[in-house]
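Here is a quick tour of a protein model, written for someone who would rather look at residues than read statistics. Open the structure alongside and follow along.

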Amino acid sequence: MIDRDRYPVDEWKLVERIYSEDRMGLSETIFTVANGYLGMRGNSSEGRTAHEHGTFINGFHEVWPIRHAEQAYGFAEVGQTIVNVPDAKIMRLYVDDEPLVLDVAELLTFNRELDLRDGVLRRELLWLTPSGKRVRVASSRMVSFVERHLAVMTFEVTVENANATVVVSSQVLNRQDGEDEFGRTAEGGGGGAGFDPRRAERLADRVLQPVEHWQQEDRTVVSYRVTHSHMTLSVVTDHVVETENEVQHRASVGPDIGKNVYQVRARAGVPVKITKVVAYHSSRGVPPRELIDRGQRLLDRVLDAGVDEQYALQREWMDAFWERSDVEIPGQPEVQQAVRWNLFMLAQASARADSSGVPAKGLTGSGYSGHYFWDTEIYVMPFLTYTSPLFARNAMKMRERMLPAARRRARQLNEGGALFPWRTISGEEASAYYAAGTAQYHINADVAYAIAKYVRATGDNDFLARGAIDIVVETARLWTTLGFWRRTNGTSFHIHGVTGPDEYTTVVNDNLFTNVMARFNLRYAAESVRIIADQFPEAYARMIDRVGFDESEIGEWERAAEAMVVPYSRAFNIHPQDAHFLDREVWDLENTPQDKLPLLLHFHPLVIYRFQVLKQADVVLALFLLSDEFSDEMKRADFDYYDPLTTGDSTLSAVVQSIIAAEIGYRDLAMEYFEHSLFVDLDDLHNNASDGVHVASTGGVWSALVYGFGGMRDAGGHLTFDPRLPADWPELRFRVRWQGSRLVVVVRQDALEIEMLSGDDVELSVRGERFTASTSAVLQVPLVGQGPDLPGRPTVAQFAQTRRDDGSLMTASIPTLPDWEADEDQG
C-alpha cells in the first residue's frame with residue numbers, strides 16, 4: 001500500500017512530504033522529468049546517495065558483442081544498451097563548509113512535488129545545520145516539451161536566521177569506472193543472486209570517450225564519442241545568478257567533470273538563486289563540434305529571451321496536452337491522481353521522441369536497456385492515435401527507418417519480406433534468447449495493426465502513401481513464406497515454430513494470437529494496396545518500384561488469410577493458445593508461494609514450458625485487439641479458461657484482463673485488474689519500478705479506461721460504444737479524436753453523452769444502435785445498466801482435462817471430463 005503520509009493525494013500533483021532512503025529507486029523513477037528525447041531521474045540535486053543516477057537520451061546507446069555459450073546461425077550478434085549520459089542535475093550546497101547531505105541532515109520540513117499541470121519538479125526543504133542555522137532550499141527541474149534538447153533547473157538558498165558563507169557547486173559529471181550502480185560497469189547476463197533479465201546489461205569498458213571540453217565564463221562544454229557505436233554527444237551548461245549578496249565565481253573543467261562554483265557571502269534572509277540551463281545534443285555521426293555549436297545556439301536563444309519564457313511555453317504545451325488527453329473520474333481523488341500521473345508518463349516517454357521509438361521504460365531508468373519492443377504499437381499507440389495523432393505518426397516513422405534492417409533479418413531467417421526485431425535500439429535484433437525473442441514473429445503484425453489503427457482513426461491515407469505502405473507489404477510477405485499450406489482434410493494455412501505474447505510458452509505451432517494477427521496483417525495489406533492504387537496512383541507506381549510489388553500478391557495474401565488455422569477445442573469450447581497447449585499439465589498457481597513469483601526468476605525455462613501457465617494474456621489479448629472476430633460466448637469461455645492460468649508476471653497483462661473482464665461482465669474483477677495496473681509503478685507492485693516506469697502499462701491504463709470502462713471499439717474503422725462503468729463511479733469523462741473531429745465522451749450510470757468540439761459529423765454506434773454526433777448539439781443516449789454482472793472470478797476448477805494414459809488428472813483439483821478433440825476450424 002502507498003504510504004499516504006509520505007505521498008499524500010493531490011489530483012494534479014505527485015507529492016512527497018517525507019524524505020527517506022527507503023524505496024529510493026522507486027522515488028527516483030516516479031519523479032522523473034522527461035520529454036521523449038531527454039530524461040532525468042528524480043535524483044536529488046545534491047547528486048549523492050542514489051539507487052541510479054540517471055540521465056538518458058532516447059536512442060543514445062553503446063553496442064557490444066553478444067557472447068552465446070553455444071553459437072548458432074542467425075543468433076543476434078550485437079547487443080545494444082542505453083548510455084547513462086553526463087549528469088547535469090548536480091547542485092551541491094555547503095553552508096559554512098557543512099555539506100547538505102539529505103540522509104544525515106536534520107530536515108525540519110521537506111516537500112517535493114511533480115506538478116502534472118506544468119511538467120515541473122519542485123522541492124523545498126528547511127535544513128537546520130549543526131551550528132543552528134536555518135537554511136531554506138527551493139529547487140526546480142524541468143525538461144522542456146517545447147525545446148527538445150533543453151533542461152532548466154533552479155536552486156535558491158536562503159539562510160533565514162544568520163549570516164553565512166554559502167557555496168553552490170553546479171556540476172556536469174560523467175560517472176565512470178563503477179560509480180553508477182546500474183547500466184555502466186558489469187557484464188550483463190548470467191544468473192545468481194540478484195539476477196534479473198529485465199535489467200540493463202553492464203559494460204566493463206569505458207563507454208564515453210572525451211573529445212572536447214572547455215569553459216567560458218559561466219558556460220561549460222563537454223563532448224564525447226561512444227566507444228563502439230561511435231555515436232556523439234555534447235552537453236552545454238550555462239548559469240544565471242540572481243542575488244543582492246556578494247558572489248564570487250570560479251570554474252574548472254576536465255574530461256569527465258565541469259564545475260561552476262559560486263561562493264556567496266549570504267546575509268540573513270537574503271536569497272541567492274542560481275538558474276542552470278542545459279542543452280543535450282546527440283547524433284549517430286555528426287561531429288561533436290557541430291553538436292556543441294547547436295547547444296550554444298540553443299542556450300543563447302533561451303537566455304536572450306529570458307528563462308521565464310520557457311516555463312510559460314511549458315505550461316502552454318501542458319495545457320494543450322491535458323485539453324486533448326485528460327481522463328476525469330469525479331469523486332475518486334486517489335484514482336484521479338494516479339490516472340493523470342500515468343498519462344503524464346506517456347507524454348514524457350513519447351512527446352518528443354519524434355522519429356525515435358518509445359523505450360519500454362521511457363527515459364525513467366535503464367531497465368530493458370532502453371530497448372524498443374512491441375509495447376509501442378500495442379499499448380502506447382492507441383493513446384497517441386486518439387489524443388495526439390502527430391506523436392503517433394512520428395513514433396511509426398521509427399519502423400520506416402528500421403525497414404532495411406528488417407528486410408536483412410528476414411533474409412537471414414530464410415524468409416521473404418521483412419522481420420522487425422523483437423527488441424532493439426538501432427534496428428538490429430538485440431534479443432539473445434530467440435525462444436522468447438526472435439520467435440515472437442507477431443511483432444510484424446503488431447506493427448501493421450498499429451498502422452491500420454492510426455490510418456483508420458485519422459483518415460491519414462497520405463501516411464500510407466508516403467512510405468508506411470512498404471511496411472504493410474513487407475510484413476505481409478513474411479507470413480506467406482513463414483506459413484505453409486496443408487491439404488489434408490481440406491486446405492488450411494499454418495504458422496509453426498513461433499512464440500506468442502505469452503513468454504512462458506515458446507516455439508509452438510499455430511499460436512492463436514500470431515495466426516489471427518497475421519490474418520489481420522494479410523487482409524490489411526490487400527486493403528491498403530488497393531487504397532493506394534485508387535487514391536494515389538503515382539505513389540502506387542513508386543511503391544511498385546521500391547518493393548518490387550506484383551499485383552498477384554494480393555490474391556496470395558487473401559487466400560492465406562481465408563485459410564488461416566484458428567485452433568478451437570470442441571470439447572472445451574475454447575480456443576487453445578496453440579496446437580498443443582491443452583496437452584500440457586496445468587501449473588498449480590493457487591498453491592505456488594508468492595516468493596516464487598515471478599516464475600521467470602525462480603524456475604528454469606524448460607520447467608515453465610512444460611505447463612499450462614501464462615506470463616501474460618495471449619488469447620485474451622487477441623479477444624481485445626480483434627474484438628469483432630469473436631462472439632460474446634467465445635470471449636467468456638476463453639477468459640474463464642485462461643484467467644486462472646495467468647500469473648500476471650508481466651505488467652502487460654492486467655490491463656488486458658481488465659478490459660475483457662469488463663466487457664464480459666466481471667465488473668469487480670475488472671476493477672481489481674485496473675487498480676493493479678494503475679498503481680503497478682506508484683506502489684511498486686512488481687518490485688522493479690526502481691529500474692524505470694512500465695510505459696506499456698501506463699498506456700494500458702488509458703486503454704482500460706477508454707476501451708474497458710468506456711466500452712469504445714473501432715473495428716473496421718467504425719466507432720462504437722458499449723460502456724461498463726464501475727458501480728461506484730458516478731462518471732467517466734475522456735477525450736478522443738476521430739478522423740479530425742474532437743469528441744468529449746461522458747459515461748454515466750444511466751446515459752452516454754458525446755459532445756463534439758470541432759470537426760465533421762461522426763457516425764457511430766452505441767450498443768448496436770446508430771447515431772450521428774455533430775457540433776450542433778450534444779448527443780445523449782440513455783443506457784439501461786452497464787452490461788452483465790458476473791460474480792467472483794473464474795477458477796481452474798471450472799475446467800478439466802485428461803491427458804495421461806492411465807486417465808489420472810493433471811492437477812488434483814480438476815475433475816475428469818472426456819478427452820478433448822482438436823479441431824482446426826474457427827469456432
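Among contacts in the protein between residues at least 6 apart in sequence, what percentage join residues at least 24 apart? The figure is 68%. Keep in mind that this is a predicted model.

**The overall picture**

The protein has 17 helices and 34 strands. For 827 residues, a compact globule would have a radius of gyration near 28 Å, and the protein has 28 Å, so the two agree. Laid along its principal axes, the C-alpha trace spans about 90 × 60 × 55 Å. Of the 827 residues, 63% count as buried. The accessible surface comes to about 29800 Å², with 46% of that belonging to carbon and sulfur atoms.

**Around W12 and W322**

There are 34 aromatic pairs in the structure. One of them is W12 with W322: the ring centres are 5.2 Å apart and the planes sit at 85°, so this pair is edge-to-face. The cut-off behind that call is an angle over 60 degrees. These two residues come from distant parts of the chain, 310 residues apart. W12 is in the loop between strand 1 (9-10) and strand 2 (13-16), while W322 belongs to helix 3 (residues 308-325). With a relative accessible area of 6%, W322 is buried.

W12 also has a charge for company: the charged end of R340 sits over its ring, 3.7 Å from the centre. A similar arrangement turns up with R324, which lies over the face of W317 at 5.8 Å from the ring centre.

**Two buried residues to click on**

Is S234 buried or exposed? Its relative accessible area is 0%, so S234 counts as buried. You'll find S234 in strand 16 (residues 232-243). The side chain of S234 reaches the backbone oxygen of L291 at 3.2 Å. Leaving out residues up to four places away in sequence, S234 touches a set of residues including V222, Y280, H281, P288 and L291.

M396 is the other one to look at, in helix 6 (residues 389-412). M396 is buried as well, at 4% relative accessible area. Again leaving out residues up to four places away in sequence, M396 touches M381, A450, I451, Y454 and F463. The C-alpha atoms of M396 and S355 are 7.4 Å apart, although 41 residues separate the two along the chain.

**Backbone oddities**

Which two residues does a cis peptide bond join? They are L597 and P598, with omega at about -5°. P598 is in the loop between strand 24 (585-586) and helix 12 (605-609).

Positive phi values in residues other than glycine show up at R23 and at H230. R23 is in the loop between strand 2 and helix 1 (24-30), whereas H230 lies in the loop between strand 15 (219-226) and strand 16. Here they are together:

| Residue | Phi | Relative accessible area | Exposure |
|---|---|---|---|
| R23 | near 55° | 33% | partly exposed |
| H230 | near 65° | 45% | partly exposed |

Why does H230 count as partly exposed? Its relative accessible area is 45%, and that class covers values between the buried limit of 20% and the exposed limit of 50%.

Technical notes
Residues are numbered from 1 along each chain as its sequence is written. This is a predicted model: local features need pLDDT of at least 70, side-chain atom pairs count only at pLDDT 80 or more; totals for chains, interfaces and linings use all residues. Side-chain values use heavy atoms; hydrogens and water are left out. Rings of Phe, Tyr and Trp (its six-membered ring) pair if their centres lie within 6.5 Å; planes under 30 degrees apart count as stacked, over 60 as edge-to-face and the rest as tilted. Helices (H or I, at least four residues) and strands (E, at least two) are DSSP runs, numbered from the N terminus. Buried means under 20% relative accessible area, exposed over 50%, partly exposed in between (1.4 Å probe, protein chains only). A charge sits over a ring if NZ of Lys or CZ of Arg is within 6 Å of the ring centre and within 35 degrees of the ring normal. A polar contact is a pair of N or O atoms within 3.5 Å; within protein, one must be able to donate a hydrogen and the other to accept it, and residues adjacent in sequence count only if both atoms are side-chain atoms. Contact means heavy atoms within 4.5 Å. The radius of gyration is taken over C-alpha atoms; the globule rule is 2.2 Å times the number of residues to the power 0.38. Accessible areas come from the Shrake-Rupley method with a 1.4 Å probe; for residues, only the protein chains shown count as cover.
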